[in-house]
Amino acid sequence: MIYKGSVKQKDIYIGSTKIGKVYKGSTLVYQSKLPAGQVIFESATPGNYTITIPNTQTYHIDLVGGGGGGWLGFAGGGYNGGSAAYIHGDTILTKGTYTLVIGSGGYGTTDGRDAGNGASSSFIGNIAGYGEGASGNDKGYGGTATVVSSGLVGQNGARNSTSGWINGYGAGGYGGQSGRAGYCKIVTV
């Protein structure tokens with residue numbers, strides 16, 4: 001940390017040029033914050049990711065699980081899958097490498113079999129739960145949000161819902177259709 005007197009400095013300049021890093025010998029003693037609005041990660045492709053957080057600072061996180069598949073019976077009646085949970089807000093992340101999981105949407109069925117559940121998305125212990133697939137007996141239930149990080153809030157998914165969150169990600173599938181995949185975006189604040 002760099003101080004001017006007893007006041008901690010957020011940014012250091014030489015003239016009008018902002019200084020990114022300051023070293024004392026080979027030890028990094030200061031690194032400026034990244035500018036607000038810089039996208040660190042964004043994807044709606046299901047899978048496991050290793051991401052690097054470049055600076056210790058506040059980030060905005062949007063995390064959505066995968067929606068459940070819809071069921072369509074032989075006679076034409078159907079049920080929608082449940083939508084996934086959504087976690088969002090601002091939290092401080094420490095510089096380093098993290099594992100992130102984006103959940104897939106559950107498969108839809110048109111042959112009388114039960115539809116598939118979506119898959120949960122997770123990041124730093126926060127879990128955006130999957131939407132359940134529908135069956136011939138019931139509509140799909142919504143996912144549950146598990147929040148462990150300060151500054152983040154969770155919203156549970158809805159039963160029998162084809163409405164998702166950001167751009168429809170995490171929506172349950174309409175009768176016979178697959179649920180939408182999960183989503184994650186991490187942006188500097």
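**Two sheets, a tyrosine pair and some turns**

Biologist: In this predicted model, on which side of the divide do Y169 and Y183 fall, buried or exposed?
Modeller: The cut-off needed here is that a residue counts as buried under 20% relative accessible area and as exposed over 50%. For both Y169 and Y183, the class that applies is buried.

Biologist: How many degrees lie between the planes of Y169 and Y183?
Modeller: The structure holds five aromatic pairs, and one of them is formed by Y169 and Y183, with 5.0 Å from centre to centre. Planes under 30 degrees apart count as stacked, and this pair is stacked, because the angle between its planes is 0°.

Biologist: How many residues apart are Y169 and Y183, the pair that links distant parts of the chain?
Modeller: Y169 belongs to the loop between strand 17 (152-155) and strand 18 (183-188), while Y183 is in strand 18 itself. The pair therefore links distant parts of the chain, and the separation is 14 residues.

Biologist: Which two strands stand at the edges of the open sheet with the order 7-18-9-12-17?
Modeller: Five strands form this open sheet, and their pairing is antiparallel, with a twist that averages 15° from one strand to the next. An edge strand has a single partner strand, so one of its sides is left without a neighbour in the sheet. The two strands in that position are strand 7 and strand 17.

Biologist: Within that sheet, which residue in strand 12 stands opposite Q57?
Modeller: Strand 9 (residues 57-64) and strand 12 (residues 86-93) run antiparallel and are joined by eight bridges. Opposite Q57, the residue found in strand 12 is L93.

Biologist: What relative accessibility does S43 have, given that S43 counts as buried?
Modeller: S43 is placed in strand 7 (residues 39-43), and, not counting residues up to four places away in sequence, S43 touches Y49, I102, G182, Y183 and C184. The contact with Y183 brings us back to a member of the stacked pair. S43 counts as buried because its relative accessibility is 13%.

Biologist: The backbone nitrogen of which residue lies 3.0 Å from a polar atom of the side chain of S43?
Modeller: A polar contact requires N or O atoms within 3.5 Å, and the 3.0 Å given for this pair of atoms lies within that limit. The backbone nitrogen in question belongs to T45.

Biologist: Which residue in strand 15 is the bridge partner of S122?
Modeller: A second open sheet of five strands has the order 8-13-14-15-16 with antiparallel pairing, and its edge strands are strand 8 (47-53) and strand 16 (145-146). Strand 14 and strand 15 run antiparallel and are joined by three bridges. In strand 15, the bridge partner of S122 is I127.

Biologist: Near what value is the phi of I124, a residue other than glycine?
Modeller: I124 is placed in the loop between strand 14 (121-123) and strand 15 (126-128), and I124 counts as partly exposed because its relative accessibility is 27%. Its phi is positive, and the value is near 45°.

Biologist: What relative accessibility does N167 have, and how is that residue classed as a result?
Modeller: N167, in the loop between strand 17 and strand 18, has a positive phi of about 55° although it is not a glycine. The relative accessibility of N167 is 62%, so its class is exposed.

Biologist: Over the ring of which residue does the charged end of R159 sit?
Modeller: A charge must be within 6 Å of the ring centre to count as sitting over it, and the charged end of R159 is 4.4 Å from the centre. The ring belongs to Y141.

Technical notes
Residues are numbered from 1 along each chain as its sequence is written. This is a predicted model: local features need pLDDT of at least 70, side-chain atom pairs count only at pLDDT 80 or more; totals for chains, interfaces and linings use all residues. Side-chain values use heavy atoms; hydrogens and water are left out. Rings of Phe, Tyr and Trp (its six-membered ring) pair if their centres lie within 6.5 Å; planes under 30 degrees apart count as stacked, over 60 as edge-to-face and the rest as tilted. Helices (H or I, at least four residues) and strands (E, at least two) are DSSP runs, numbered from the N terminus. Buried means under 20% relative accessible area, exposed over 50%, partly exposed in between (1.4 Å probe, protein chains only). A charge sits over a ring if NZ of Lys or CZ of Arg is within 6 Å of the ring centre and within 35 degrees of the ring normal. A polar contact is a pair of N or O atoms within 3.5 Å; within protein, one must be able to donate a hydrogen and the other to accept it, and residues adjacent in sequence count only if both atoms are side-chain atoms. Contact means heavy atoms within 4.5 Å. Two strands pair if DSSP finds at least two bridges between them. Axes are lines fitted to C-alpha atoms, for helices over the stretch in contact, and angles run from 0 to 180 degrees between N-to-C directions.
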